[in-house]
Amino acid sequence: MANPTTTLTNSASYEAPRSGTWDGGNEPFKVSYGKLMMWFFLLSDAFTFAAFLTTYGMVRHRHLAYTGTAADFKFSSAYWPIPEKVFNAFPGLHGMDIPLAFVALMTMILIVSSVTMVLAVEAGHRMDKDDVQKWLLWTLLFGAMFLGCQAWEWTHFITGSEHGLKMADGSMVYGANLQVNEYGPVLFADLFFFITGFHGTHVFSGLCLLTYAFIATTNGTFHKRGHYEMIEKIGLYWHFVDLVWVFVFTFFYLI
Amino acid sequence: MAHHAPEHEYTADGHAVHGKANVKPILKALAWIVGITAFEFLLAFTMPASTLRNSIFIVLTIFKAFFIVAEFMHLRHETKGLIWSILVPMALLVWLLVALITEGSAVGEAIFGAAH
(Lines give C-alpha, C1' and ligand atoms only; values in the text may rest on other atoms or scores of the structure.)
Protein backbone atom coordinates (compact mmCIF):
# COMPACT_ATOMS: atom_id res chain seq x y z
CA MET A 1 0.00 0.00 0.00
CA ALA A 2 1.41 3.37 -1.00
CA ASN A 3 2.15 5.76 1.78
CA PRO A 4 0.62 9.16 0.92
CA THR A 5 3.34 10.99 2.80
CA THR A 6 6.04 9.39 0.68
CA THR A 7 4.15 10.31 -2.50
CA LEU A 8 3.96 13.92 -1.38
CA THR A 9 7.63 14.11 -0.52
CA ASN A 10 8.54 12.82 -3.94
CA SER A 11 6.24 15.24 -5.78
CA ALA A 12 7.76 17.88 -7.99
CA SER A 13 6.61 20.78 -5.81
CA TYR A 14 9.18 19.81 -3.22
CA GLU A 15 12.12 20.19 -5.57
CA ALA A 16 14.46 23.01 -4.83
CA PRO A 17 13.86 25.97 -7.19
CA ARG A 18 16.27 26.12 -10.10
CA SER A 19 18.61 29.01 -9.68
CA GLY A 20 21.28 28.54 -12.35
CA THR A 21 22.11 31.38 -14.72
CA TRP A 22 20.19 29.76 -17.62
CA ASP A 23 17.38 28.44 -15.40
CA GLY A 24 15.87 31.84 -14.64
CA GLY A 25 18.04 32.45 -11.61
CA ASN A 26 19.82 35.35 -13.25
CA GLU A 27 18.73 38.94 -12.59
CA PRO A 28 20.43 41.05 -15.26
CA PHE A 29 18.62 44.21 -14.16
CA LYS A 30 19.38 43.61 -10.46
CA VAL A 31 15.76 44.12 -9.51
CA SER A 32 13.24 41.54 -8.36
CA TYR A 33 10.60 40.15 -10.70
CA GLY A 34 7.85 42.19 -9.07
CA LYS A 35 9.62 45.52 -9.41
CA LEU A 36 10.66 44.83 -12.99
CA MET A 37 7.10 43.94 -13.98
CA MET A 38 5.82 47.07 -12.25
CA TRP A 39 8.24 49.10 -14.39
CA PHE A 40 7.00 47.45 -17.58
CA PHE A 41 3.38 47.88 -16.56
CA LEU A 42 4.04 51.57 -15.96
CA LEU A 43 5.70 51.79 -19.38
CA SER A 44 2.54 50.42 -20.99
CA ASP A 45 0.42 52.78 -18.88
CA ALA A 46 2.61 55.66 -20.06
CA PHE A 47 1.69 54.68 -23.64
CA THR A 48 -1.99 54.98 -22.76
CA PHE A 49 -1.60 58.44 -21.25
CA ALA A 50 0.68 59.53 -24.09
CA ALA A 51 -2.04 58.44 -26.53
CA PHE A 52 -4.56 60.59 -24.63
CA LEU A 53 -2.31 63.65 -24.59
CA THR A 54 -1.34 63.15 -28.25
CA THR A 55 -5.04 63.01 -29.10
CA TYR A 56 -5.48 66.27 -27.21
CA GLY A 57 -2.71 67.87 -29.29
CA MET A 58 -4.15 66.55 -32.53
CA VAL A 59 -7.73 67.64 -31.79
CA ARG A 60 -6.55 71.03 -30.60
CA HIS A 61 -4.59 71.65 -33.81
CA ARG A 62 -7.59 70.57 -35.86
CA HIS A 63 -9.60 73.43 -34.27
CA LEU A 64 -9.11 77.16 -34.75
CA ALA A 65 -6.90 78.85 -32.18
CA TYR A 66 -7.91 82.03 -30.35
CA THR A 67 -5.66 84.78 -31.70
CA GLY A 68 -6.74 87.88 -29.70
CA THR A 69 -5.44 89.07 -26.33
CA ALA A 70 -6.29 87.24 -23.12
CA ALA A 71 -8.13 90.33 -21.79
CA ASP A 72 -10.61 90.34 -24.70
CA PHE A 73 -11.22 86.60 -24.57
CA LYS A 74 -14.85 85.48 -24.91
CA PHE A 75 -16.04 81.88 -24.74
CA SER A 76 -17.12 80.50 -28.10
CA SER A 77 -17.48 77.07 -29.64
CA ALA A 78 -15.73 78.45 -32.75
CA TYR A 79 -12.22 78.24 -31.31
CA TRP A 80 -10.21 76.44 -28.61
CA PRO A 81 -10.43 78.24 -25.24
CA ILE A 82 -7.50 79.63 -23.23
CA PRO A 83 -7.10 77.36 -20.18
CA GLU A 84 -6.52 80.21 -17.71
CA LYS A 85 -10.00 81.54 -18.61
CA VAL A 86 -11.68 78.16 -18.12
CA PHE A 87 -9.95 77.10 -14.90
CA ASN A 88 -10.15 80.29 -12.87
CA ALA A 89 -12.38 79.34 -9.95
CA PHE A 90 -11.43 78.61 -6.36
CA PRO A 91 -13.63 76.91 -3.73
CA GLY A 92 -15.26 79.48 -1.43
CA LEU A 93 -14.35 82.43 -3.65
CA HIS A 94 -17.37 82.48 -5.92
CA GLY A 95 -17.33 84.67 -9.02
CA MET A 96 -13.71 85.78 -8.61
CA ASP A 97 -11.20 85.40 -11.41
CA ILE A 98 -8.26 83.48 -9.92
CA PRO A 99 -6.66 81.78 -12.91
CA LEU A 100 -4.98 78.41 -12.36
CA ALA A 101 -4.66 78.87 -8.58
CA PHE A 102 -6.73 75.82 -7.73
CA VAL A 103 -4.86 73.57 -10.14
CA ALA A 104 -1.61 74.88 -8.67
CA LEU A 105 -2.82 73.79 -5.24
CA MET A 106 -3.78 70.35 -6.59
CA THR A 107 -0.34 70.00 -8.20
CA MET A 108 1.39 70.85 -4.93
CA ILE A 109 -0.77 68.37 -2.98
CA LEU A 110 0.13 65.55 -5.37
CA ILE A 111 3.85 66.40 -5.39
CA VAL A 112 3.90 66.46 -1.57
CA SER A 113 2.12 63.08 -1.51
CA SER A 114 4.88 61.76 -3.77
CA VAL A 115 7.51 62.97 -1.29
CA THR A 116 5.77 61.34 1.68
CA MET A 117 5.65 58.13 -0.41
CA VAL A 118 9.43 58.25 -0.97
CA LEU A 119 9.83 58.70 2.78
CA ALA A 120 7.67 55.59 3.39
CA VAL A 121 9.88 53.58 1.01
CA GLU A 122 12.96 54.97 2.71
CA ALA A 123 11.59 54.00 6.15
CA GLY A 124 10.95 50.49 4.74
CA HIS A 125 14.63 50.16 3.86
CA ARG A 126 15.41 50.85 7.51
CA MET A 127 12.74 48.30 8.60
CA ASP A 128 11.17 51.11 10.61
CA LYS A 129 7.55 49.98 10.85
CA ASP A 130 6.31 53.06 12.73
CA ASP A 131 7.80 55.44 10.16
CA VAL A 132 6.37 53.42 7.26
CA GLN A 133 2.92 53.63 8.84
CA LYS A 134 3.27 57.35 9.48
CA TRP A 135 4.34 58.24 5.93
CA LEU A 136 1.77 55.91 4.34
CA LEU A 137 -0.95 57.71 6.29
CA TRP A 138 0.30 61.10 5.11
CA THR A 139 0.38 59.82 1.51
CA LEU A 140 -3.17 58.52 1.88
CA LEU A 141 -4.29 61.87 3.27
CA PHE A 142 -2.76 63.93 0.45
CA GLY A 143 -3.97 61.47 -2.18
CA ALA A 144 -7.53 61.69 -0.84
CA MET A 145 -7.24 65.50 -0.74
CA PHE A 146 -6.21 65.54 -4.40
CA LEU A 147 -9.16 63.33 -5.35
CA GLY A 148 -11.50 65.61 -3.38
CA CYS A 149 -10.12 68.65 -5.23
CA GLN A 150 -10.70 66.90 -8.52
CA ALA A 151 -14.28 66.13 -7.54
CA TRP A 152 -14.81 69.84 -6.83
CA GLU A 153 -13.18 70.82 -10.13
CA TRP A 154 -15.38 68.42 -12.08
CA THR A 155 -18.52 69.65 -10.31
CA HIS A 156 -17.62 73.23 -11.14
CA PHE A 157 -16.83 72.37 -14.75
CA ILE A 158 -20.07 70.41 -15.21
CA THR A 159 -22.27 73.02 -13.48
CA GLY A 160 -20.78 75.96 -15.36
CA SER A 161 -21.34 79.70 -14.96
CA GLU A 162 -24.54 81.70 -14.47
CA HIS A 163 -24.13 83.56 -17.78
CA GLY A 164 -23.61 80.41 -19.86
CA LEU A 165 -23.00 80.49 -23.58
CA LYS A 166 -25.50 81.52 -26.28
CA MET A 167 -25.37 79.14 -29.23
CA ALA A 168 -25.95 80.08 -32.91
CA ASP A 169 -29.56 78.84 -32.77
CA GLY A 170 -30.29 81.08 -29.76
CA SER A 171 -30.33 78.29 -27.18
CA MET A 172 -28.34 78.64 -23.96
CA VAL A 173 -25.71 76.18 -22.72
CA TYR A 174 -24.62 76.06 -19.08
CA GLY A 175 -21.57 74.06 -18.04
CA ALA A 176 -20.30 71.05 -19.93
CA ASN A 177 -20.92 67.37 -20.49
CA LEU A 178 -20.04 64.99 -23.30
CA GLN A 179 -22.55 66.65 -25.69
CA VAL A 180 -22.51 70.38 -24.89
CA ASN A 181 -19.81 72.73 -23.63
CA GLU A 182 -20.09 76.38 -22.67
CA TYR A 183 -16.30 76.86 -22.59
CA GLY A 184 -15.54 75.99 -26.22
CA PRO A 185 -15.71 73.10 -28.69
CA VAL A 186 -17.46 69.97 -27.37
CA LEU A 187 -14.26 67.95 -27.81
CA PHE A 188 -12.51 70.22 -25.29
CA ALA A 189 -14.89 69.03 -22.57
CA ASP A 190 -14.72 65.42 -23.77
CA LEU A 191 -10.93 65.42 -23.54
CA PHE A 192 -11.08 67.10 -20.13
CA PHE A 193 -13.33 64.35 -18.80
CA PHE A 194 -11.34 61.53 -20.38
CA ILE A 195 -7.84 62.70 -19.48
CA THR A 196 -8.40 64.02 -15.95
CA GLY A 197 -10.92 61.20 -15.36
CA PHE A 198 -8.47 58.50 -16.37
CA HIS A 199 -5.84 60.10 -14.17
CA GLY A 200 -8.30 60.36 -11.28
CA THR A 201 -9.09 56.66 -11.67
CA HIS A 202 -5.37 55.96 -11.31
CA VAL A 203 -5.25 58.07 -8.14
CA PHE A 204 -8.19 56.08 -6.80
CA SER A 205 -6.48 52.73 -7.54
CA GLY A 206 -3.37 54.11 -5.87
CA LEU A 207 -5.40 54.96 -2.76
CA CYS A 208 -6.77 51.37 -2.67
CA LEU A 209 -3.22 49.99 -2.90
CA LEU A 210 -2.03 52.39 -0.19
CA THR A 211 -4.89 51.36 2.09
CA TYR A 212 -3.91 47.71 1.62
CA ALA A 213 -0.24 48.57 2.28
CA PHE A 214 -1.15 50.44 5.45
CA ILE A 215 -3.23 47.56 6.81
CA ALA A 216 -0.54 45.00 5.94
CA THR A 217 2.17 47.17 7.51
CA THR A 218 0.10 47.56 10.67
CA ASN A 219 -0.41 43.80 10.83
CA GLY A 220 3.35 43.34 10.53
CA THR A 221 3.05 41.35 7.26
CA PHE A 222 6.06 43.01 5.64
CA HIS A 223 8.10 42.98 8.81
CA LYS A 224 7.63 39.20 9.12
CA ARG A 225 8.56 38.86 5.43
CA GLY A 226 11.86 40.59 6.22
CA HIS A 227 11.53 43.36 3.64
CA TYR A 228 9.20 46.16 2.59
CA GLU A 229 9.43 45.61 -1.17
CA MET A 230 5.66 45.86 -1.57
CA ILE A 231 5.87 49.51 -0.43
CA GLU A 232 8.50 50.10 -3.14
CA LYS A 233 6.27 48.62 -5.85
CA ILE A 234 3.24 50.65 -4.75
CA GLY A 235 5.56 53.65 -4.48
CA LEU A 236 6.59 53.25 -8.13
CA TYR A 237 2.93 53.27 -9.12
CA TRP A 238 2.17 56.31 -6.98
CA HIS A 239 5.09 58.33 -8.41
CA PHE A 240 3.92 57.42 -11.89
CA VAL A 241 0.51 58.94 -11.10
CA ASP A 242 2.32 62.11 -10.00
CA LEU A 243 4.43 62.03 -13.16
CA VAL A 244 1.35 61.80 -15.38
CA TRP A 245 -0.18 64.77 -13.57
CA VAL A 246 2.92 66.86 -14.32
CA PHE A 247 2.30 66.26 -18.04
CA VAL A 248 -1.48 66.73 -17.82
CA PHE A 249 -0.84 69.99 -15.98
CA THR A 250 1.46 71.32 -18.72
CA PHE A 251 -0.53 70.20 -21.76
CA PHE A 252 -4.01 70.86 -20.41
CA TYR A 253 -3.61 73.85 -18.11
CA LEU A 254 -0.50 75.76 -19.22
CA ILE A 255 -0.24 75.47 -22.99
CA MET B 1 14.70 39.77 -2.83
CA ALA B 2 15.27 42.85 -0.73
CA HIS B 3 18.12 44.68 -2.32
CA HIS B 4 18.49 47.18 0.42
CA ALA B 5 18.99 44.74 3.21
CA PRO B 6 18.85 46.47 6.57
CA GLU B 7 22.34 47.00 7.83
CA HIS B 8 21.53 47.71 11.44
CA GLU B 9 20.92 45.82 14.61
CA TYR B 10 17.65 44.65 16.06
CA THR B 11 16.51 44.81 19.63
CA ALA B 12 15.30 41.65 21.33
CA ASP B 13 11.63 42.40 20.57
CA GLY B 14 12.34 42.67 16.84
CA HIS B 15 12.39 46.43 16.51
CA ALA B 16 15.11 47.83 14.33
CA VAL B 17 17.61 50.16 15.83
CA HIS B 18 16.68 52.97 13.51
CA GLY B 19 19.37 54.33 11.26
CA LYS B 20 19.19 57.97 10.38
CA ALA B 21 16.86 58.74 7.49
CA ASN B 22 18.70 60.01 4.43
CA VAL B 23 16.22 62.57 3.10
CA LYS B 24 18.57 65.16 1.61
CA PRO B 25 18.38 64.02 -2.07
CA ILE B 26 14.59 63.69 -1.75
CA LEU B 27 14.17 67.24 -0.47
CA LYS B 28 16.54 68.52 -3.14
CA ALA B 29 14.40 66.95 -5.87
CA LEU B 30 11.29 68.40 -4.22
CA ALA B 31 12.86 71.87 -4.20
CA TRP B 32 13.62 71.61 -7.92
CA ILE B 33 10.11 70.47 -8.80
CA VAL B 34 8.43 73.19 -6.73
CA GLY B 35 10.84 75.83 -8.07
CA ILE B 36 10.24 74.84 -11.71
CA THR B 37 6.45 74.82 -11.18
CA ALA B 38 6.60 78.29 -9.61
CA PHE B 39 8.64 79.54 -12.57
CA GLU B 40 6.08 78.05 -14.98
CA PHE B 41 3.33 80.02 -13.25
CA LEU B 42 5.38 83.18 -13.45
CA LEU B 43 5.77 82.65 -17.20
CA ALA B 44 2.07 81.84 -17.67
CA PHE B 45 1.15 85.32 -16.40
CA THR B 46 4.05 87.48 -17.59
CA MET B 47 4.82 86.12 -21.06
CA PRO B 48 2.31 86.25 -23.94
CA ALA B 49 1.33 82.87 -25.39
CA SER B 50 3.66 81.83 -28.20
CA THR B 51 5.44 78.82 -29.63
CA LEU B 52 8.51 79.86 -27.64
CA ARG B 53 6.56 79.89 -24.37
CA ASN B 54 5.06 76.46 -25.13
CA SER B 55 8.55 75.10 -25.89
CA ILE B 56 9.84 76.44 -22.58
CA PHE B 57 6.90 74.79 -20.77
CA ILE B 58 7.61 71.43 -22.43
CA VAL B 59 11.35 71.55 -21.65
CA LEU B 60 10.63 72.47 -18.01
CA THR B 61 8.09 69.63 -17.78
CA ILE B 62 10.72 67.16 -18.98
CA PHE B 63 13.05 68.50 -16.27
CA LYS B 64 10.37 67.86 -13.64
CA ALA B 65 9.77 64.39 -15.07
CA PHE B 66 13.50 63.72 -14.78
CA PHE B 67 13.49 64.49 -11.04
CA ILE B 68 10.43 62.32 -10.41
CA VAL B 69 11.68 59.33 -12.42
CA ALA B 70 15.37 59.56 -11.50
CA GLU B 71 15.09 60.39 -7.80
CA PHE B 72 11.60 59.45 -6.55
CA MET B 73 11.30 56.33 -8.70
CA HIS B 74 14.98 55.59 -8.14
CA LEU B 75 15.63 54.85 -11.83
CA ARG B 76 18.92 56.75 -11.71
CA HIS B 77 20.31 54.11 -9.37
CA GLU B 78 19.19 51.10 -11.42
CA THR B 79 21.28 49.24 -14.01
CA LYS B 80 21.90 50.79 -17.45
CA GLY B 81 19.87 48.00 -19.09
CA LEU B 82 16.75 48.86 -17.09
CA ILE B 83 17.16 52.59 -17.69
CA TRP B 84 17.33 52.13 -21.47
CA SER B 85 14.47 49.59 -21.47
CA ILE B 86 12.24 52.34 -20.07
CA LEU B 87 13.59 55.37 -21.92
CA VAL B 88 13.93 54.05 -25.48
CA PRO B 89 10.23 53.10 -25.94
CA MET B 90 9.24 56.49 -24.46
CA ALA B 91 11.35 58.25 -27.11
CA LEU B 92 9.15 56.70 -29.81
CA LEU B 93 6.18 58.56 -28.35
CA VAL B 94 7.77 61.88 -29.31
CA TRP B 95 7.49 60.79 -32.93
CA LEU B 96 3.82 59.83 -32.40
CA LEU B 97 3.13 63.25 -30.90
CA VAL B 98 4.80 65.19 -33.73
CA ALA B 99 3.15 63.03 -36.41
CA LEU B 100 -0.39 63.36 -35.04
CA ILE B 101 -0.15 67.09 -34.30
CA THR B 102 0.93 67.65 -37.92
CA GLU B 103 -2.01 65.48 -38.96
CA GLY B 104 -4.38 67.57 -36.84
CA SER B 105 -3.11 70.80 -38.41
CA ALA B 106 -3.61 69.31 -41.88
CA VAL B 107 -7.21 68.34 -41.07
CA GLY B 108 -7.83 71.85 -39.68
CA GLU B 109 -6.44 73.39 -42.86
CA ALA B 110 -8.69 71.21 -44.98
CA ILE B 111 -11.72 72.38 -42.96
CA PHE B 112 -10.95 76.07 -42.41
CA GLY B 113 -8.61 76.83 -45.33
CA ALA B 114 -5.02 78.03 -45.31
CA ALA B 115 -5.88 80.88 -42.90
CA HIS B 116 -6.03 78.25 -40.15
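This short talk goes through the contact between chains A and B, two helix packings, and a few single residues.

Before the details, please keep in mind that this is a predicted model, in which local features need pLDDT of at least 70 and side-chain atom pairs count only at pLDDT 80 or more, while totals for chains, interfaces and linings use all residues. Residues are numbered from 1 along each chain as its sequence is written, and chains are lettered from A, with ligands numbered from 1, in the order in which they are written.

Let me start with the interface. Here 45 residues of chain A are in contact with 47 residues of chain B, where contact means that the C-beta atoms of two residues, placed from the backbone, lie within 7 Å. On the chain A side, the elements that give two or more residues are α2 (33-62), α4 (101-125) and α8 (229-254), and the largest share, 11 residues, comes from α2(A). The helices I name are DSSP runs of H or I with at least four residues, numbered from the N terminus. By class, that side of chain A has 24 nonpolar, 12 polar and nine charged residues; Ala, Val, Leu, Ile, Met, Phe, Trp, Tyr, Cys and Pro count as nonpolar, Asp, Glu, Lys and Arg as charged, and the others, Gly among them, as polar.

Within this interface, α4(A) packs with α1(B) at an angle of about 170°, their axes being 11 Å apart; axes are lines fitted to C-alpha atoms over the stretch in contact, and angles run from 0 to 180 degrees between N-to-C directions. That angle makes α4(A) roughly antiparallel to α1(B), a term used for angles over 145 degrees. From α4(A), the residues A:Ala104, A:Thr107, A:Ile111, A:Val115, A:Val118 and A:Leu119 meet a set in α1(B) that includes B:Ile26, B:Ile33 and B:Phe41. The residues of this contact divide into 10 nonpolar, two polar and no charged.

Turning to chain B, helix α1 (residues 24-46) also packs with helix α2 (residues 51-72), at an angle of about 165° and with the axes 10 Å apart, which makes α1(B) roughly antiparallel to α2(B). Their crossing is left-handed, meaning that the near helix is turned anticlockwise from the far one by less than a right angle. Among the residues making the contact are B:Trp32 and B:Phe39 of α1(B) and B:Phe57 and B:Phe63 of α2(B), and by class it has 14 nonpolar, no polar and four charged residues.

Now to two loop residues. Most residues other than glycine have a negative phi. A:Met127, in the loop between α4 and α5 (129-159) of chain A, has a positive phi near 55°, and B:His74, in the loop between α2 and α3 (80-112) of chain B, has a positive phi near 70°. Are these residues buried or exposed? A:Met127 is buried, with 26 other C-beta atoms within 10 Å, whereas B:His74 is partly exposed, with 17; buried means 20 or more such atoms, exposed 12 or fewer, and partly exposed in between, with C-beta atoms placed from the backbone.

Finally, A:Phe157 in helix α5 of chain A is buried, with 21 other C-beta atoms within 10 Å. Leaving aside residues up to four places away in sequence, A:Phe157 touches A:Gly175, A:Ala176 and A:Phe192.

Note on methods
Parallel < 35°, antiparallel > 145°, perpendicular 65-115°, else oblique.
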